[in-house]
Amino acid sequence: MMVGAFFWGGMSDKVGRRQCLLICMSTNGFFAFLSSFVQGYGLFLLCRVVAGFGIGGAVPIVFSFFAEVLSREKRGEHLSWLCMFWMIGEIYASAMAWAIIPHYGKFTKLRRHFKDEGIPL
């Protein structure tokens, strides 16, 4: 993400924010989607790195876009709100993963046990 932010931040100043944001989000979306289908760890890691490169580039572009449309008087306040809710979203996503993943693993073990015993689900 850091490399993506550095690369796409500079590129967006030269090429244009809209064009670079579309490319960043398309890269992120395509490789994140592709990573859900790959079978090997190496290819999965490659897909996630490229997706991170895309989403890392979107972060500085989104902040620049948002700062451009705000009035001078409210710019600092609203950018602070954006940062705060971005972090709240990250904490929420982490909390949901922490809550869901342990139960999913137990469910698959239980399902495998039922299948071994010949119990239909």
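Helix 1 and helix 2 are oblique to each other, a class that holds angles outside the roughly parallel (under 35 degrees), roughly perpendicular (65 to 115) and roughly antiparallel (over 145) ranges. Helix 1 (residues 2–15) packs on helix 2 at an angle of about 140 degrees, and the two axes are 7 Å apart. Axes here are lines fitted to C-alpha atoms, for helices over the stretch in contact, with angles running from 0 to 180 degrees between N-to-C directions. Helix 1 brings Trp8, Met11, Ser12, Asp13 and Val15 to the contact, and helix 2 answers with Arg17, Gln19, Cys20, Ile23 and Cys24; contact means heavy atoms within 4.5 Å.

The model is a predicted one, in which local features need pLDDT of at least 70 and side-chain atom pairs count only at pLDDT 80 or more, whereas totals for chains, interfaces and linings use all residues. Residues are numbered from 1 along each chain as its sequence is written, and side-chain values use heavy atoms, with hydrogens and water left out.

Four helices and zero strands make up the secondary structure of the protein chain, which reads α-α-α-α along the sequence. Helices (H or I, at least four residues) and strands (E, at least two) are DSSP runs, numbered from the N terminus. Of the contacts in the protein chain with a separation of 6 or more, 54% join residues 24 or more positions apart. Buried residues account for 17% of the 121 residues, where buried means under 20% relative accessible area, exposed over 50%, and partly exposed in between (1.4 Å probe, protein chains only). The chain exposes about 9,300 Å², and carbon and sulfur atoms supply 70% of that area, by the Shrake-Rupley method with a 1.4 Å probe.

Turning to the interior, the largest nonpolar core consists of six residues: Trp8, Cys20, Leu21, Cys24, Ala58 and Ile61. Such a core is a set of buried Ala, Val, Leu, Ile, Met, Phe, Trp, Tyr and Cys residues joined through side-chain atoms within 4.5 Å. Helix 2 (17–35) and helix 3 (41–69) are the elements that give two or more residues to this core, and helix 2 gives the most, with three. Leaving aside residues up to four places away in sequence, Ile61 touches Trp8, Ser12, Arg17, Cys20, Leu21 and Cys24.

Aromatic rings offer a second theme, with seven pairs in total. Rings of Phe, Tyr and Trp (its six-membered ring) pair if their centres lie within 6.5 Å, and planes under 30 degrees apart count as stacked, over 60 as edge-to-face and the rest as tilted. Phe33 and Phe37 form an edge-to-face pair, because their ring centres are 5.0 Å apart and their planes stand at 70 degrees. Phe33 counts as exposed at 54% relative accessibility, and Phe37 counts as exposed at 51%. Trp81 and Phe85, by contrast, are stacked, with 5.7 Å centre to centre and 15 degrees between the planes. Both residues lie in helix 4 (residues 75–117), four residues apart, or about one turn of the helix. Trp81 is partly exposed at 42% relative accessible area, and Phe85 is partly exposed at 49%. Elsewhere, ring pairs link Phe7, Trp8 and Phe53 into a cluster.

Finally, Gly29 sits in helix 2 and is partly exposed, at 37% relative accessibility. Gly29 and Ala51 are 22 residues apart in sequence, with 7.1 Å between their C-alpha atoms.
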